[in-house]
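Here are some exercises to work through with the model open beside you. Try each task before you read its solution.

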Amino acid sequence: MSRRPSTLPRPPAVFVFDPASNQLVSKNASAGELLAVLGWGNDEMPTLSTVERLLLQDSKVTVAPQTVVDGGERNYELRKRCRRPDSSEFTLTRIWTPGSSTTLIVTDITASVQEERQLRFAQTLIDRLMKSDSLTTALGRMLHAVLLYSGWRQGAAWIVKEEGLSLRKTLVRSGTEIGPAEKSGAERELAERCWQSGETETHHDKTSGTIAIALKANGDVIAVLTFATLRMQPRDKLTLEVLGRIADHVGMALKCRINAEETASARRQLDELLDAAGDAIVAMDRERVIRIFNKRAEAIFGYSAEEIIGKKMDVLLPQSVRARHRTHVARFTRGDTPTKLMGHRPEVKGRRKDGSEFPAEASISRITIDGEMIFTAVVRDLTVLRRAEETLRARELQMRMVIETMPFGIAVALRTTGEILFVNSAFGALVDADRRKLSGRHIAEFAGAALSARLLAGEGADSRLDGIEAPFTTEAGDDIWCMVSAVAMSMGGEQLTLIGCYDVTDRYRAEEALRRSAANLAAAERIAHLGNWQLNVSTMEISCSDAALRILGGNSEDGKTTLQRVLGQVHPADEPLLRLAARTAIEQGTPFRITHRISTPTGEMRYVRCEAEAIRGRNGEIEQVIGTVLDITDLQKVTEELRTARNKAEYANHAKSQFLANMSHELRTPLNAIIGFSELMATDVMGPMETAQYQAYAKDIHDSGLHLLAVVNDILDLSRIEVGVTELEEAEIDIEDIYHFCKRTVEGRAKAAKLALIQQSAPNLPKLKADLRLTRQILLNLLSNAVKFTPAGGTVCLGAEIAADGALVLSVEDTGIGIAAENIERVTEPFMQVESHLSRRFDGVGLGLALTKQFAELHGAKFSIMSAEGKGTRVEVAFPASRTLTTDEPRLSAVGM
């Protein structure tokens, strides 16, 4: 079994060895796994040399120079890089200090090395694509690199055109044979299948195979590479994986190369004409004899065309460059590039007719006409340009001197990259850095990414960014605030941005503190519903805080209103007092404090407390009236609620006293009767009694007990309703039946009171869905009250009818003493009687109407009383239509009193 590790643990393995014995004394988990992989099974601990020997067995080792780290003690480090036969790689790092332990660290670097190689391979392909003179050459160089990497026999490049795939380049490795011609059709078919699917396609037989790889750009297939191989090998799978990972990158580079060639081909002739416009054009043959000499050439060189045509090109060149020029022409003739443009060649020298020399820039090209090679040069005289550059450099020097003396920070940066080219001393002091060390750094290091983008984003030579306040960062990392301006400019052919800034940190911090203070004040005013205002006496305008503006109303944009507008919003009853107070404060400086009502823009009436005092100017005249306005609406509501609660409490206390007085009378009377008659019967005070007397006394006792029970039941019913435990036991009720029952019940009392008891019901009344007991109680209470409060000879009428809205209206109407209008609402309150003193004319505890109303409302019925004092009373209980059982009979409209 091989002792070489087949798989290293991913986390680094760390071994620590004793300095004396070199034996292993400690290790991490990864080190333990590694020892297991190495096959170390001995009980004793291995030594440092044993572990290194096991790891380095059969590996290719590269040793880095030993390094020494000087600190408190000298530390040594020795690093070895090992490549194993399976292409995996790892590093061994030995770290030791004389007299101390030795640490060995084993790290697997296989994945990172493979990724690095893939990147290098991709970069090689892209470089060959982009740096070749033509697309055909680029494709050939790319195929050559792939064949070398993979070991395949031959390759072909297919370019996607509108009409389909076009074979652009074929390459065969030296020493291999091209396959039979009949296989070319199969190769094209495989390439087209790869183009359509966008995926790698393969075809293999027993002896050979073909591979097609799609190259994509932006998701579209732009080319297909096909390769002829032998039988599929493991290495081929690895190669396909690598090519698959880099295919998109190569595809994008190829797309750029194709676009560049198509563009260059379409623009070549036009560029030659445009580049030559306004410049000298000189053409010569292979023998360097001048054949063409245009007007601009005549102006630059001083020769006429007749003088110069037919002469050698050397006439136009200084003596010192003629030999070199002949060498360049010969090299250009043999070269692959037919054109060399201005800017791609060094500056040249020209010679005028008068012998003077001048700097020039030239574009050259060659074409073949009728088998004869013609060289064309477009020459541009740079004399004026060089003079302008000298002048510009002098002005630039002057500008630098002016900028250096500026009292605020100035920086000049490249607009394209943000690189700082120049700063003055003030800028260095601003960012607390040596100005000489700022050149070459990025402006974003001090201005931040967002601000730098704005400063450098100017379009055109005169775009500006006027003063804005923005944060800067000093060299030490401290934040400062600056007023920053920028202007775009062009200098020496470069697009620059001139940035000016000065420190406003102290002012910013003071303003920020002021803003926080104002925000805190506004928050306090908002929480307290308190606002402040200032009245300008000369304009009668009132400037308000946000809280005051919400209370008084006004223009939310400028926070202002007027005195007249505020007075117009004050309640009419309060307006004269506030107007007088304001006039007195303005004219005499008298402070005031007034509580008044004000109508908000929404129409809501608010209570506010306004306080103010006058401010005099230097001349003693009153210039302002300042004050506060406090919204006390909530306080006023609380005060009103407290006042109402107090009144209710007093009223409840009064009702309690009245209830106790009533109950003491109502309970004492039947109890006295019960006790008195029972004593007479028990003591025979009046002598032996006959049976008839016992029956009479027993009836009186029974009646008193029933009366007492009725009072207690009424109190219990009211209590149940108040705590919400009364439940309706609904049933279908026949109105005629319940009317007959109630009429029979009170008929005896009506006769005793000498009253006429009549019934007036509409025919064909529907049945009522309600609680039978409570409905009887409603009618009996109303009939009992009617009988009780109707003088002898009067009438009590029990009625029922259907209202226009379908409601079933039950009514009791009498010709009794009636109720005063101001007492109608009070009579339905519990324990309330209009006559509450002990000597009242009518008995009862005052629960009848209260219970009747509560019972009606439990059914969703409407309870109403109509009465006139001295004429009588009509009480109606209108049950909603939903509680009636529908009939087909026509309904009658309600009849009034």
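**Exercise 1.** Find how strand S22 and strand S23 pair, and over how many bridges.

*Solution.* Start with residues 479-491, which form S22, and residues 494-503, which form S23. They pair in the antiparallel sense over 10 bridges; strands are DSSP runs of E with at least two residues, helices are runs of H or I with at least four, and both are numbered from the N terminus. Two strands count as paired if DSSP finds at least two bridges between them. For one such bridge, look at serine 485, whose partner in S23 is glycine 500.

Before going on, note that this is a predicted model, where local features need pLDDT of at least 70 and side-chain atom pairs count only at pLDDT 80 or more, while totals for chains, interfaces and linings use all residues. Residues are numbered from 1 along each chain as its sequence is written, and side-chain values use heavy atoms, leaving out hydrogens and water.

**Exercise 2.** Work out the strand order of the open sheet of 5 strands, and which strands stand at its edges.

*Solution.* First, read the order: S20-S19-S23-S22-S21, with antiparallel pairing. Next, the edges are S20 (420-423) and S21 (464-473); each has a single partner strand, so one side of each is left without a neighbour in the sheet. From one strand to the next, the twist averages 30 degrees; angles run from 0 to 180 degrees between N-to-C directions, with axes fitted to C-alpha atoms, for helices over the stretch in contact. Finally, add helix H10 (residues 383-404), which packs on the sheet and touches S19, S20, S22 and S23 (contact means heavy atoms within 4.5 Å). Helix H13 (residues 449-456) also packs on the sheet, and its direction makes about 160 degrees with that of S21.

**Exercise 3.** Place arginine 286: which strands flank its loop, and which residues does it touch?

*Solution.* Arginine 286 is in the loop between strand S13 (280-285) and strand S14 (290-293). These strands form a hairpin with 4 residues between them, and arginine 288 in the turn has a positive phi of about 65 degrees. Now check the surface: arginine 286 counts as partly exposed because its relative accessibility is 48% (buried is under 20%, exposed over 50%, partly exposed in between, with a 1.4 Å probe and protein chains only). By contrast, 5 of the 6 residues in S13 are buried. Leaving aside residues up to four places away in sequence, arginine 286 touches Thr333, Met373 and Phe375.
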